[in-house]
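Please open the model in your viewer with a cartoon representation, and keep the sequence panel beside it so that ranges can be selected as the tour proceeds.

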Amino acid sequence: MAGLLKMFSRSESHDWLASTDGPAALFTRSGRFVAANSAYDALYRPVSIDPLLMSLLDQACAFRASKAVRRGLNLDESQGQMRVRVSVIGDHALVRLTTLEGSAQPNEEALDASGSASPAALAVQTASSLLTGLARLIAEAPVGFARLDRRDARHAIIQEANPAFVRIAGAGKGAKLADLVASAHADDLDRLEVGGQRAIELDIANTGGQTCEGWLLEDENDGAALLLVDVSTRREMEHRLAQTSKMQAVGQIAGGVAHELNNFLLVITLNCDALLARHPVGDPSYGELQSIQNTSSRAAELVKMLLAYARKQTFRRDVLDVGAVLTEFAVLMRQVLDERIVFEITHGRDLPNVRADKQQLETVFMNLVTNARDAVLMSGKGKGSVTVRTKRATTQDVRTALKGLSIADIENCDWAMISVTDTGTGMSQDIATKIFEPFFTTKEQGKGTGIGLATVYGIIKQSDGFIALDSVENEGTTFHVFLPATTADEVSDAMPAAQAQVVEARPMDLAGRGRILLVEDEEGVRNIATRLLTQRGYQVTSAGDGEEALEILENDPNSFDLVLSDVVMPGLDGPGLLKAAKPYLGHARIVFMSGYAEQDFAQTLEDERSISFLPKPFTLAQLAERVKTELAAA
């Protein structure tokens with residue numbers, strides 16, 4: 001190993017060596033080649049002492065000459081027509097190889113009868129070429145190699161290093177290895193042992209904190225060689241993958257909790273609506289009931305945020321001009337900003353349309369602007385600015401903003417980029433990696449829930465977009481939001497739906513007639529919904545799950561006007577019930593109720609049947625309106 005490492009960084013030539021008569025070369029006590037004169041270079045390759053001597057001398061003579069080199073002894077010995085002389089020069093040995101006639105030629109054993117090189121000579125030449133090739137590869141390799149003066153890594157000094165080592169570690173020859181390693185990893189140097197079966201992870205101090213894996217290899221005498229591999233990119237990808245997995249797990253938990261909370265809130269909301277109908281304004285109980293209703297509404301908004309983070313909230317996508325949406329919304333954003341804060345909004349040219357939920361998009365920018373405002377006010381500067389910019393972006397712009405850390409497959413299309421920049425407190429890298437986690441906040445207790453940016457993250461991801469940030473402590477933060485541009489086909493497809501929404505009428509009389517099958521696994525929701533619909537004149541049959549509902553339909557086919565069903569139920573869920581009960585439904589209309597987004601199950605529904613969706617939690621009026629509208633359309 002030492003011979004290989006030496007070749008890419010050969011010692012400077014010595015004037016006295018060049019003036020030496022005949023072929024002469026300088027070797028270390030370990031037998032490693034150091035330098036040679038031109039006469040030597042013309043006949044031999046720069047190999048270590050043992051293969052050189054074995055190709056020219058018999059075994060006994062070669063052994064004695066090698067022993068003299070390694071033990072620092074002088075030697076002058078002839079064998080056949082070859083004369084070998086070893087002279088001690090400091091820590092090195094000068095080896096001169098000449099023939100007795102005075103001209104240096106390979107011995108007779110090196111040539112066969114035809115004058116060609118003997119097998120032994122060919123072996124030396126092959127080994128020399130191989131070693132020279134390996135030395136070149138080491139010099140150009142992307143991994144770092146360095147020779148150390150000892151095997152105690154904590155106190156070792158670097159003797160030689162290839163360019164990759166210098167690039168990775170930030171230093172080379174003459175540097176102390178311990179000075180190149182981050183102080184937190186100094187003790188890990190003690191774990192570097194020759195022949196270790198696993199790499200030791202080290203953080204480099206000098207060049208930006210690269211993470212490396214190191215192996216300690218045996219070198220001649222008591223030296224060692226260090227192999228250093230930069231694994232920073234791999235570690236960063238592993239961290240991002242772990243972070244993504246954690247966010248997905250938290251999202252699943254948040255979605256499940258929000259689903260259950262939706263059912264509880266629905267029971268509270270419907271019962272409260274019923275009580276308010278019997279205790280109108282002026283009733284002693286009206287104030288308490290109104291307080292319950294207001295608190296339920298606030299809780300429902302929090303549930304929507306959790307569903308947004310879990311990417312399960314109800315989305316109504318339209319084709320939007322982002323510039324127009326922000327310009328319209330800027331009036332409201334200015335009202336939430338402090339007068340000490342300068343607010344600017346700048347639109348780029350040729351900004352593409354996007355397909356998104358306008359209300360959810362407004363939620364995104366309200367959260368980003370209010371967070372920017374708080375950051376400016378917390379900075380203690382007394383004043384500052386919040387700037388919103390838009391522009392058309394490319395896929396490469398998205399990758400650049402994500403700093404190569406996203407493992408997602410980014411669609412190759414045009415993008416609308418919206419950035420929100422503040423001159424506030426900024427944040428450290430550690431905080432930046434946690435900023436989108438639910439309930440994580442940098443604000444004081446009682447001044448923030450930590451759910452706002454988690455909601456933003458969920459909305460952007462559910463809109464097929466990306467969000468990234470750049471932040472410098474005490475200077476400010478910029479959030480970059482990227483949304484994919486819509487195609488011409490999507491724009492034309494969205495027009496009829498938008499027009500249909502405009503002309504949709506709301507029924508004034510919420511009473512009606514018809515037979516309804518209500519399928520809901522939550523008993524509280526099932527009971528209150530059944531009672532309220534019955535009070536409005538409908539004939540309601542209830543079922544606690546999909547299997548019970550299917551049995552009812554099998555026993556009484558084609559007799560229901562409307563099926564009002566939950567989506568997520570144990571056993572047979574809503575879409576499964578729809579498929580299994582198809583022969584028994586007749587012309588019945590279908591309304592699905594769920595706290596999850598319609599897109600999560602829309603692909604499982606029957607294409608030929610008209611399906612209506614009622615998001616939870618809903619009020620009594622919303623339920624009655626939907627039932628009346630669906631039965632009127634039957």
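Two strands are taken here to pair if DSSP finds at least two bridges between them. Keep in mind throughout that this is a predicted model.

Begin by selecting residues 341-347, which are strand 12, together with residues 384-393, which are strand 14. These two strands run parallel and are joined by seven bridges; to look at one particular pairing, pick His 347 and then Thr 390, its bridge partner in strand 14.

With strand 14 still highlighted, add helix 12, residues 358-378, which packs on the sheet and touches strand 12, strand 14, strand 15 and strand 17 (476-484). The direction of helix 12 makes about 25° with that of strand 15. Over its 21 residues, helix 12 reaches 30 Å from the first C-alpha to the last, close to the 30 Å expected at 1.5 Å a residue. Just beyond the helix, select Gly 380, which follows helix 12 and has a positive phi, near 80°.

Next, bring in helix 11, residues 322-336, which lies across strand 12, strand 14 and strand 15 (415-422) and runs at about 170° to strand 12.

Now show the whole sheet, an open one of five strands in the order 12-14-15-17-16, with mixed pairing. Strand 12 and strand 16 (466-472) stand at the edges, and each has a single partner strand, so one side of each is left without a neighbour in the sheet. On average, neighbouring strands here are turned by 15° against each other, direction ignored.

Move to another sheet, also open and of five strands, whose order is 7-6-10-9-8 and whose pairing is antiparallel. Its edge strands are strand 7 (158-161) and strand 8 (200-203), each of which pairs on one side only, and the average turn between neighbouring strands, direction ignored, is 30°. Selecting strand 6 (residues 144-148) with strand 7 shows an antiparallel pair joined by three bridges, in which Arg 147 has Glu 160 of strand 7 as its bridge partner.

Finally, select residues 49-56 and 59-71, which are helix 4 and helix 5; they pack at an angle of about 150°, with their axes 8 Å apart. Because angles over 145 degrees count as roughly antiparallel, helix 4 is roughly antiparallel to helix 5. The crossing of these two helices is right-handed. To inspect the contact, display side chains including Leu 53 and Met 54 of helix 4 and Ala 62 and Val 69 of helix 5; by class, the contact has six nonpolar, two polar and two charged residues.

Methods: Residues are numbered from 1 along each chain as its sequence is written. This is a predicted model: local features need pLDDT of at least 70, side-chain atom pairs count only at pLDDT 80 or more; totals for chains, interfaces and linings use all residues. Side-chain values use heavy atoms; hydrogens and water are left out. Helices (H or I, at least four residues) and strands (E, at least two) are DSSP runs, numbered from the N terminus. Axes are lines fitted to C-alpha atoms, for helices over the stretch in contact, and angles run from 0 to 180 degrees between N-to-C directions. Contact means heavy atoms within 4.5 Å. The expected span of a helix is 1.5 Å times one less than its number of residues. Angles under 35 degrees count as roughly parallel, over 145 as roughly antiparallel, 65 to 115 as roughly perpendicular and the rest as oblique. A crossing is left-handed if the near helix is turned anticlockwise from the far one by less than a right angle, and right-handed if clockwise. Ala, Val, Leu, Ile, Met, Phe, Trp, Tyr, Cys and Pro count as nonpolar, Asp, Glu, Lys and Arg as charged, and the others, Gly among them, as polar.
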